[in-house]
Amino acid sequence: MSVPNDLSYTRSHEWARVEGDLVVVGITHYAQDQLGEVVYVELPEVGLGANAGEELGTLESVKAVAEFLSPVAGEVVEVNERLAEEPNLVNEDPYGDGWLVKISGALEEDELLDAEAYKELLAEESH
Amino acid sequence: MRRRALRDEPPFFELNPRRTVRQGHLLPPLDVPDLDPAAVLPQSLLRAPVEDFPDLGEHEVVQHFHRLSQLNYAVDEGLYPLGSCTMKYNPRINERTARLAGFADLHPLQPDDQVQGALALMWELEQALKAVTGMAGVTLQPAAGAHGELTGILMIRKALEARGDARSIVLVPDSAHGTNPATASFAGYEAVEIPSAVDGTVDLAALAELMNERVAAVMLTVPNTLGVFEHRILEISELVHRRGGFLYLDGANLNAFVGRALVGRMGADAMHINLHKTFSTPHGGGGPGAGPVAVSEALLPHLPVPRVVREGDRFRMVWHDPNSVGAMRGYAGSFLILVRAMTYIRSLGAEGLRELSDVAVLYANLIRHRLRGAYHLKYDAPSLHEVVFDDSVQATRDVHNIDIAKRLLDYGFHPPTMSFPLIVHGALMIEPTESPSPEEVGAFCDAMLEIAREVERDPLLVKSAPHDTPVRRIDEVRAARALKVRWQPEQG
Amino acid sequence: MHPWVGAGPDDRRHLLDELGLDSLERLFATIPQEVCVDRVDLPPGQDEDTVRRALAAVADRNLTLSSRPSFLGAGVYRHIQPSVVDAVLSRSEFFTSYTPYQPEISQGTLQVIFEFQTLICQLTGCEVANASLYDGATSVVEAVLFAHRVLRGKRNRVLLAETVHPVYRSVLATYAGAVGLELVVVPPGSDGRTDPGRLRDEQACCVVVQSPSFTGVVEDLPAIAEAAHASGALAVQVVAEAVSLGILAGGGAFGFDAVCGEAQSFGVAPGFGGPHLGFFACAEKNVRQMPGRLAGETVDADGRRAFCLTLSTREQHIRRAKATSNICTNQGLMALAATVWLEALGGSGLRDLARSCLARAHELRRRIAGLGGGWRLAYPAAPTFNEFLVEGPGGGDELARRLADDGVLAGLPSRRWGGTWPDGLLIAVTECNRAADLDALVAAMKRLS
C-alpha cells in the first residue's frame, strides 16, 4: 500500500496536502483498495462549510458506500469535476488525479497523522 | 447450472426487426361505434405511436419467454440455500387455489355482502397466525417483510405517542439484517447497535447499559442471523419492558421453530411473518411477498386499516379508526398471497408445521456437521435452521466467499447468502429448509467439500468460476459506471 | 408425515445417527421450555383434495366480477387476460426463483426486468424506470419522498390534488405523518379538473396530480408541469389506469419529473386488492434518488451482452440506515405479468385496446347523458378516458345498492371516502364490457329513474 511521505492522514483514511492557501483532499490507496472499484462519487457543493471530521460526500462501489470526511475546518472551494465521468481515477491515481475536493483552511498538524503514524494504523487494521 | 440456452435471446425490442405488421392478441370485437380519440380528448395530450414497440405473433411471444426462462435457476432446479430467505418448495395446490375465479376475480371495493368468502378467509388466516405466534392480533396488510417491520415500528410509535412518551432510539444488534436499521431510520428513530457476545447472541450487559427511557424499541431476530436462538430472550424482554420499551421480533427465521414455540410467550410486542418464507408462497423472481404482523395486546388498538372484523357469522371491512396507525398500502393486503398461505396452513395443520421445523433444523445441522472440517465456523454456538460458515480458511489462498459461490453455480446449486451478517467476514450463510430430499442436501454438501479441495489443488479454477453457466462472470462495475437501464436503438 | 417435508422417519433416524444424537429434541435445547408448546392451536392437516374442495367452497361465497355486468374501476380494472400470461407465470423457472442477486443464473429474470423498465419508459415518456414497487398507493409515497430527496430535504410541503385516488392519499398521509411532511390538498374546479393556478407554492417539494383522475378526468398536464416548475417544485403524475397510456402521452413528455402509479391493468388480476404492481419512472439525472431495484445492461467475461442489478447501493441491505426507502421490494412476478401482457398485445394491440375502452366508455357516457330521469354526467364538458362520474336519482351508496339488487355492479359510490365532488357513481368501462353489458346498465338505470 502506497503511503507518500509528504501527505497528512486521518484515521478515517483521507489524505490532505497543502497547496498554497488551499488543502487538497482525497482518499488513500488503502481506502480505495478496501472499497473496490469506484463507480460514483458524490461531491459537495462549492461553498459548503465543514468542520474537521464532518462528512463531505460519498464514494460508491458496486457493493459498498463509503463517506469521506473533511480532514480540516474550512470551506469547499473546488471539487474534482473529472470524477463525474471518470470515477475510476480514485482507484487509479488516488493521490493525484483522483483527488476529491479543495478546501480553504489550514492544516492542523496535531490533529492528523504523518506517513509513519498512518502506516502504523494500517498495520494495526490488517490484524 | 447444468443447462444453457441454445442461443442468446434478444430483447423484445429487437424482435420483428423490420417492424412488419403481425397480429398480437385478438381483442374482443368492437360492438359499439368506433371513436377517434381526437374527437373527445385534447390533441395535445394524445401520444404519438410508441417507437420500437413491435407486434409479434403469439408463438413468438411464448418462445421469447420460454427461452428466457431457461436462463434462470429456481427452487425447482435444485437446492437454493440462501440463508434467511427460506427458499422452500412452493406447493402447486397454492397456485390452483389462488387462481380460483372466486378469489382472483374480486374487486377490493365490492360491498362486504358480495365478498363474505374473501373476508372469512382473511379472518381465518389471522386466527391461524395468532395460533402460530401466540399473539393477540394480526394485520395482513404489509406487502413484504421490511414493510411489516415498518408497520410494526410505526404502531409502536403510535402507542408511545398515545401515552405521551416520545422516545428517539431503536436498538438493533450488530448481527441484524440491513432492513432493521433502515426501518428504524425511516420511522424517524436513531438506530443504535447492540454488540454481540462471544457466542453471537445479544450481549446482555451491553443491552442493559443501552436500554434507557429514550429507547422506543429493541429489534431482535429469533433465532438470529447466525441461526442461534437468543436463549436469554425472557431476560431481554423483561428488561426492555421494565424500562418502558417495546420488543420487536423479526420473523424472518420463523421456520426454525414454527409449531414448537410461541413468540407471544417470548414477550414480543410485534413480529412480522414472511408468508413467502415460512408459509411457502413463491418468491416470484423478487416479489410479491407478504409480511403480516402479529401484535401484543398493547398494540392491538393501533393495527392498520382497512381490516376485517367478525360480527356473528358475518364479516365486515373496517376502513376508518382514529387509533389506527393508518393505511400502509392500498387495500387490505396481497389477498392472493394470503390465499396461498392459508392453503398451506390448512394442508399442514399443527403437526405438519412442527414436522417442517424439525426437518429444517435437522438438515441445517447435518450441513454444519458435514462441512465443519472444510470451512471455518466463527460462532460455534448450537444453531437451528441455518448455519454461517466463513471463507477464512480459503482466503489464505486468496479465494473468497464470492468465488466459492460462483463455483457452486457450476455444480448446479444456488449459493448461500453472503451479504450479511456483518459480524462474520466472508460469510456463507446456509439455509436448506425442510422440503428437499436428504440426497439433495447431501449432494450440496459434496459440492461444497469438493470446492474446498479444489481451493487447495487449483485455486484459479475456483477464482475464475463460473465456467458452466448461461453467461460468465458479469461486469457489474461497467453496469454501474455506464448506466444503461432501458433498451435504445443502436445509434447511426 | 407430510409430502412437503423431504425426509421421512427412517431418513431422520439415519441423519440423527450421523449427528450422534438420540432425539430431535436435542437440536432445540437452546429454546427455553417456557416458550415452547407441544402443539399449536390449529386443526390437523388435510390432504390436497379436501383442502381444494374446502377453499373452492369459500371462493364460491364471493360474487365475481365476471358473473355480472360490472363497471367497478376506481384504480382496479378488469381487462382481458391472454392465456399466454398465466402460462409464462406458471413456469417454475420464473415463479420459484428469487431476486436475481446471482446474475449468471438469473438472466431470464434480469432481462424481463430490463424489458419491463423499457416498456414503462416508453409509456410514461421518462428516461428511467425501476423494476416495480408494491402498488399504486406506495408508488405515490415513493414519488413524494423522491421529490423531497431531490430538493435535498429543504421543502416539506406537498401539494396534492384531491382527485388523486383517496386510497393513495390515505396511505400517503400515514407516511407523511411519519416523516414530517405537510400535505396540502387542492380540490378540483367545478369542471372536475385541477386548476394549475392553484398549484404554485414556494414551500412545496412537489405537486402531485392523477391523470386520468379518480373521477376519470384527464388533467391539463402541460400547464400543471409549468405551474409546479414555476415555483421550483417537482411535478409528479399518478396513473391508476395504466391502459390510458395506450392513447394518452405519459407525463414525461410534458416535463413531469416523476410518473408513478398502478399497472395492475397490464395483465394482473383484480384479486381483491393484491398483489398489484406499482411502477415508478423519472429523469435519468435523478436516478440515484430513485427508489427500488434497477436492472442494467452490461457484458460478461466473454464480452457478451448480459444484465445485472445495478445501483444496488441505494438499497437497504447495503445502505442500512441510509437507504433511499424501505418499502421498495419489487413485485417481480407482477412485473413479469405486465411484460408478457404488453408484449403479447404489441404496440398496436395496446393502442387498439385503449381505443376500445375509450369508444365503449364514451358510448355509455352518451347514452347516460340522454337518459333523463335524474341521471346526468357530473362533468359533461370534461375530457375523460374510460371512467366518468354520474349523478342519479339518489346518493351514490343507494344507487349502487339498488343497481346491484337489479343485477348490475354499476360502479363505486363516489363519496365513499368523502370528497368535494358530486355524490354519485364512478363508472369504469373496459374492453370486457360488451355492448350487452352497456344495455343492461342503461336499462337498470332507466328502471331506477
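This report describes the nonpolar cores, one open sheet and the cavities of a predicted model.

The largest nonpolar core holds 329 residues, of which Phe279(B) and Ile427(C) touch the most other members. Beyond its neighbours within four places in sequence, Ile427(C) is in contact with residues including Phe71(C), Leu364(C), Ile368(C), Phe388(C), Leu441(C) and Met445(C). Asn386(C) and Glu387(C) are also among the contacts of Ile427(C). Apart from the largest core lies another, of 23 residues, with Val25(A), Val41(A), Ala50(A) and Leu59(A) among them.

Chain A contains an open sheet of six strands in the order β1-β2-β3-β9-β8-β5, with antiparallel pairing. The edges are formed by β1 (8-9) and β5 (49-50) of chain A; each has a single partner strand, so one side of each is left without a neighbour in the sheet. Strand β5(A) is joined by two bridges to β8 (residues 74-79) of chain A, and the two run antiparallel. Within this pairing, Gly49(A) has Glu75(A) in β8(A) as its bridge partner.

In the whole structure, 13 cavities of 30 Å³ or more are found. The two largest compare as follows.

| Cavity | Volume | Lining by class |
|---|---|---|
| Largest | about 90 Å³ | six nonpolar, six polar, no charged residues |
| Second largest | about 60 Å³ | eight nonpolar, three polar, no charged residues |

The lining of the largest cavity includes Gly284(B) and Gly285(B) as well as Phe94(C), Thr109(C) and Asn330(C). Helices α5 (107-124) and α10 (332-369) of chain C each supply at least two residues of this lining, and α10(C) gives the most, with four residues. Among the residues lining the second largest cavity are Leu45(B), Pro212(C), Gln237(C) and Phe254(C).

Technical notes: Residues numbered from 1 in each chain as written. Chains lettered and ligands numbered in written order. Predicted model: local features only at pLDDT ≥ 70, side-chain atom pairs only at ≥ 80, totals over all residues. Heavy atoms only, no water. Core = buried A, V, L, I, M, F, W, Y, C linked by side-chain atoms within 4.5 Å. Buried < 20%, exposed > 50% of the residue type's maximum accessible area, 1.4 Å probe, protein only. Contact = heavy atoms within 4.5 Å. Pairing = 2+ DSSP bridges. 1 Å grid on protein atoms, 1.4 Å probe; cavity = no way out; pocket = protein on both sides within 12 Å on 5 of 7 lines; lining within 4 Å. Points joined across faces, edges and corners; volume = space filled by probe spheres on them. Nonpolar A, V, L, I, M, F, W, Y, C, P; charged D, E, K, R; others polar.
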